[in-house]
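User: I would like to go through the descriptive terms used for this model and see what each one rests on. Please set the values against the cut-offs where a term needs one.

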Amino acid sequence: MLPDYFRAIGSDRFLTLDELGADNASPNIVGASEAWDLYHEHFDRFCETTLDPQFHRLSHPATQIGSIHLDRSEPILIVGTGPSLDRHVADLARVRSRVRVFTSARGIDALARHGLDADLMLVEHRTALDAHHSGRAVLDGADPLKSTRALVAAEWRTPSALIAAVDRQRLFVPEQLPTWGLWPATLAAMAIASGATRVGLLGVDLGTAARPNPTFAPLIRLLSWIASASSVTAIDCGTGGAGKVGWVRGTLDDLAAATELRMLICDRRDAPSSDYRRAIAFAGISGLSGHIDAAKRGLETALRARAGHVDVVALRSHLSEMLAWRTDRNLRTAIQETLGVSFLPRLWRLTTDPASLDESAWRPVLLAAHELVTQADRLTGVVMKEAA
Amino acid sequence: MNVRVLHVIESLAAGGIETTFGNMLETFRTLAPDDRHDVLAFDGGILQSKYAATAHQLTIACDSATIAECLARDYDVVHILFERCAYRILPMLLARHSTPVVYGKGYDMGGMYRVNEGLDWTADVTMTAACDAVTFTTPNLAAGFPVPLGRTTVLRKAADIRTFAALPDPDVLTPQRIVCVANLHPRKRLADLIVALASVRCSAPDAELRLVGGGDRAERARLERIAAHAAVADAVSFAGQTSDVVGEIAQSRIVALPSSCEGVPTALLEAMAAGRPVVSTRVGHVDSIIEDGVEGFLVGVGEMTTLAARITRLLLRPDLAGRMGAAGRRRADRHDVRRVAADLLGTLRHAAAAQHYNVGADLQVRPITATSDAA
């Protein structure tokens, strides 16, 4: 199994390893420092997995929440679109009924070109821009989700346009998604958390064996950590790709089960209605009204400073006030998750001394306050409009 | 005053912004040899050797420690291209350093989706508000952001047009060729052009289409099927990814772009510089460089009948094509990368100088409006 703190770290609800440790009494927390270092070095201690800046959760079309259950003997193959997929696609076709295939939307598209399909597709994006980019592909007519027979797990932040064509019987919101925002790692973690003990990769090449792509360094490190922390049998079936520590090179035959697999089991229950989600959003804004007002005052001071009327003392005071919110974890979580803001949470993660800032202090104040106030206004507008 | 600038760019891939900015860096070296221009790129790419030869120091890294180390160096101004770069580094940069920051807001992904589909991404608006100065590629793009005029410089879309401008006008030996320079991607709607070609060939039977650009194999296969279905397979050719775009334009009479999503396409400016009339969809801010009926024609997305009619008209009326081509050459000259680079360097210098006399006040950056641009 994967340690509980994997999902906890990826949720961005903790600022320090000590804080994480205080919240998780599990003895497994002892091994968390390696994961925390990875979180620090490659994710700036902010994966953004709980940010929904476009408020897609209010219009998500799924009517069910679900979680998959896997038998220990079921081999899970995570399929990406790297060159090794094409190299081994004939082998994949041969063993297809004996491996459980998990993939992304692009993976579904690549498999379809070879007459193959997946068992589970995860829709997950690191940022709002990435999500919009995927949604744009649907407008361009490349909608791989139309024809797939796979179950589609689409997190709450998914643009509705991207999943509008998905059969509602196959669509669900994954419950308790163990994620750091990078879908191959999320699928590996999801498989392990659901009971799998044999996980493979194909087309998740991330560069070549000789030259790993540095852009994918966070994913390579994360996959390596998952393999070592979970003690599963991890097999990289894609020859030629970047090496991942803990993933042994092997063939699809090495991964595949001896017999055909049964249908994938997914326990589902009703998702909260859109009315309920709006009510939660409204309650969230109401609960933050005092802080939103404080941010508005900071924004006004910063805008005045930007126009030449600098009050350094006031700017430092506003910045100190907003930074002090980091001491209250419930407040932090509420601000992040209700409003989908990124800048203030990332300022909380920096060691910034407002007293050290000069006239330029208007910039971090404006960065934090502008986004917070704008998002609060936008969310209020969305909630009110849909209520009307 | 000599300035030390750190330019932050997403990658050194062969994208439009990356290529154009690489050309600007070269110009900076010519304009002000004593300035220092370092580059931090989050990822490498095909332009790496060019950047390495032009920048005083090139750092390629995306890990937190190296980025922090770069930002901590002694610069007079930090210039950020791409919203993804700004999004990643601004909290660290603004909270820890007082170095002036200039955000180059162009037609990156956020900019394109904003103008084409109305994507309202608050973080991007916030980033323009929190930087010391912002450069926008066009006035149309600037109009959507609440940045005071005194902190705004509207540059023009820049293109390295020198080699294109040296091309002669088409003559009787030039084939009846329509060229489209674009990646093979569904967003470019190249199939529209293929279908339109079938209509064009009813009036201009020698018309042919040349698609210049790399891309997805599946999309190429799809386009080949459409060409076969429209009975124009023998008149459609694929150049693939090529470094000889000049040679491809030289063998064309018209350059067309039927895309559904654009900013201000460099390919159109290059075609205009070469004196080719252009036929494009009215998307993004294409209308900031093309006036319908002057340098070429603008049509709606997916309006294949109109697209075919405009192309046919230009093929059958060389006089009209010549007038539009000449107008295009005049228009493109204003977008010469050397001119735009000089304006950008001016903005960077103003931002750098401002920290020495009045950090908080609005920078007296010279706003270049559409009117003054035309002048």
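The exchange below takes the chains, their domains, their helix pairs and the contact between the chains in turn.

User: What kind of model is this?

Analyst: This is a predicted model.

User: What makes chain A as compact as a globular protein of that length?

Analyst: Chain A has 16 helices and 10 strands. Its radius of gyration is 22 Å, and the globule rule gives 21 Å for 388 residues; the two values are close, so chain A counts as compact in that sense. The C-alpha trace of chain A spans about 70 × 45 × 40 Å along its principal axes.

User: How do you know that the radius of gyration of chain B agrees with a compact globule?

Analyst: For 375 residues a compact globule would have a radius of gyration near 21 Å, and chain B has 21 Å, so the value agrees. Along the principal axes, the C-alpha trace of chain B covers about 65 × 45 × 40 Å. The secondary structure of chain B consists of 16 helices and 13 strands.

User: Which domains is chain A divided into?

Analyst: The assignment gives domain 1 (1-47), domain 2 (59-270) and domain 3 (273-387). Between the C-alpha centres of domain 2 of chain A and domain 3 of chain A the distance is 36 Å.

User: Why are α8(A) and α9(A) called roughly parallel?

Analyst: Helix α8 (residues 183-193) of chain A and helix α9 (residues 217-230) of chain A pack at an angle of about 10 degrees, and their axes are 9 Å apart. Angles under 35 degrees count as roughly parallel, and α8(A) and α9(A) are therefore described that way. Their crossing is left-handed.

User: What makes up the contact of α8(A) with α9(A), by residue and by class?

Analyst: From α8(A) come A:P184, A:A185, A:A188, A:A189 and A:I192, and from α9(A) come A:L219, A:L222, A:L223, A:I226 and A:S230. The classes are 9 nonpolar, 1 polar and no charged residues. Ser falls outside the listed nonpolar and charged types, so it counts as polar.

User: Why are α9(B) and α10(B) roughly parallel?

Analyst: The axes of helix α9 (residues 190-203) of chain B and helix α10 (residues 217-229) of chain B cross at roughly 15 degrees and come within 9 Å. With the bound for roughly parallel at under 35 degrees, α9(B) and α10(B) therefore qualify. The crossing of α9(B) past α10(B) is right-handed. In the contact, B:L190, B:A191, B:I194 and B:V195 of α9(B) meet B:L223, B:I226 and B:A227 of α10(B). These divide into 7 nonpolar, no polar and no charged residues.

User: What makes α12(B) oblique to α14(B)?

Analyst: Helix α12 (residues 266-273) of chain B and helix α14 (residues 318-333) of chain B have axes that come within 7 Å and cross at roughly 120 degrees. Roughly perpendicular covers 65 to 115 degrees and roughly antiparallel starts over 145, with the rest oblique; α12(B) is therefore oblique to α14(B). This crossing is left-handed. B:L269, B:M272 and B:A273 in α12(B) meet B:G328, B:R329, B:R331 and B:A332 in α14(B). By class there are 4 nonpolar, 1 polar and 2 charged residues. Arg counts as charged and Gly as polar.

User: Which residues form the domains of chain B, and what makes up the contact between them?

Analyst: Domain 1 of chain B is assigned as 4-158 + 336-374, and domain 2 as 162-333. Their C-alpha centres lie 31 Å apart. The contact takes 14 residues from domain 1 of chain B and 11 residues from domain 2 of chain B. On the domain 1 side, α1 (16-31), α5 (109-117) and α7 (139-142) of chain B each supply at least two residues, and α5(B) gives the most, with 4 residues. That side divides into 4 nonpolar, 8 polar and 2 charged residues.

User: How many residues does each chain give to the contact between chain A and chain B?

Analyst: Chain A gives 39 residues and chain B gives 31 residues. On the side of chain A, the elements that give two or more residues are α3 (32-43), α6 (128-139), α15 (343-348) and α16 (362-387). The largest share, 10 residues, comes from α16(A). The side of chain A has 15 nonpolar, 13 polar and 11 charged residues.

Key:
Residues numbered from 1 in each chain as written. Chains lettered and ligands numbered in written order. Predicted model: local features only at pLDDT ≥ 70, side-chain atom pairs only at ≥ 80, totals over all residues. Domains from an automatic or database assignment. Contact = placed C-beta atoms within 7 Å. Axes fitted to C-alpha atoms, helices over the stretch in contact; angles between N-to-C directions. Left-handed = near helix turned anticlockwise from the far one by under 90°. Rg over C-alpha atoms; globule rule 2.2 N^0.38 Å.
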